[in-house]
Structures are given as C-alpha cells and as structure tokens.
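Dear colleague,

I am handing over the structure we spoke about, and my notes on it follow below. Please read them alongside the coordinates.

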Amino acid sequence: MKSPVTIRFGLKKMGVCPAGLFLPDTGHHHLLINMDASELDPKAPIPTIENKCLHYGKGQTEVTLDLPKGTHTLQLAFANFAHMLHKPAVISKKITITVE
Ligand SMILES: [Cu+2]
C-alpha cells in the first residue's frame, strides 16, 4: 500500500466515546505502531509515544496516517476514559502492512 494509509478501527460489544467521559463499557482507541500491547502496563495509563503509541481520545474510529516506507505492525488497544486498559484488556490482533 501507499502512504498515507487509512486505518479503520473495529470494535464489538463496547462503545466509543471521548477520553475523560465516564460511561460504562466504553473507551477510546489507541494505535500501536511497531509496538506490542504486552509492553503496556495494565496498572498505568497508556503513554503517548510519538509515531508509536497514539491516542484517539476524541472517539475517532478511522485515521489516515503518513507512514514511512517499509514493513510495520499495527495493533489496537482499547482503553477507558482515563486511558487505562479494561479488565480483561481489549486488544486487537496485530496486523502487518508494507508501505511501498
Ligand atoms: Cu488514551
């Protein structure tokens, strides 16, 4: 694929809402680029790391990103109003994409 890359975030059985707003069974998406969700501390808010760990705290369900050429892994972590992982954690499987 070519950059910019459009990524659509899927979710079942829970709702998406902006960060900071507490509603049961909701949260917002985080995109992990070349990072594994196992690196996230379940007891701490998800960090913001440039080009690596991105928050979509407005409740976005789709983003378009400029990604450098090469192979990248993408994984989603869904977290609550305070950027904390749910229990059990809601994490996507990891996909691999190649940007030409
Ligand atoms: Cu967040």
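**The copper site**

The site of the copper ion is irregular, with angles of 92 to 146° among its 4 donor atoms; four donors would count as tetrahedral if all angles lay between 85 and 135 degrees, and as square planar if opposite donors were over 155 degrees apart and all others between 65 and 115. This is a predicted model, in which local features need pLDDT of at least 70 and side-chain atom pairs count only at pLDDT 80 or more, whereas totals for chains, interfaces and linings use all residues. Residues are numbered from 1 along each chain as its sequence is written, and side-chain values use heavy atoms, with hydrogens and water left out.

The protein donors (N, O and S atoms within 2.8 Å of the metal, or 3.2 Å for Na, K and Ca) are His28 through NE2, His30 through NE2, His55 through ND1 and His83 through ND1, lying 2.0 to 2.1 Å from the copper ion. Along the chain these donors follow the spacing H-x1-H-x24-H-x27-H. His30 lies in strand β3 and His83 in the loop between β6 and β7, so this pair ties together parts that are 53 residues apart in sequence; strands here are DSSP runs of E, at least two residues long, numbered from the N terminus. His30 is buried, at 0% relative accessible area, while His83 counts as partly exposed at 24% (buried means under 20%, exposed over 50%, partly exposed in between, with a 1.4 Å probe and protein chains only).

**Salt bridges**

The structure holds 2 salt bridges, each defined as a side-chain nitrogen of Lys or Arg within 4 Å of a carboxyl oxygen of Asp or Glu. In one of them the side chains of Glu62 and Arg8 meet at 3.0 Å, N to O, and because Glu62 lies in strand β5 and Arg8 in strand β1, the pair ties together parts that are 54 residues apart in sequence. Glu62 is partly exposed, at 41%, and Arg8 is exposed, at 62%. Asp36 and Lys94 also meet in a salt bridge, at 2.7 Å, N to O.

**Nonpolar cores**

The largest nonpolar core (buried Ala, Val, Leu, Ile, Met, Phe, Trp, Tyr and Cys residues joined through side-chain atoms within 4.5 Å) has 14 residues, and those with the most contacts inside it include Ile7, Leu31 and Tyr56. Apart from it lies another core, of 9 residues, among them Leu32, Met35, Leu40 and Cys53.

With best regards

Technical notes. Tetrahedral: all angles 85-135°; square planar, octahedral: opposite > 155°, others 65-115°. Helix = DSSP H or I, 4+ residues; strand = E, 2+ residues; numbered from the N terminus.
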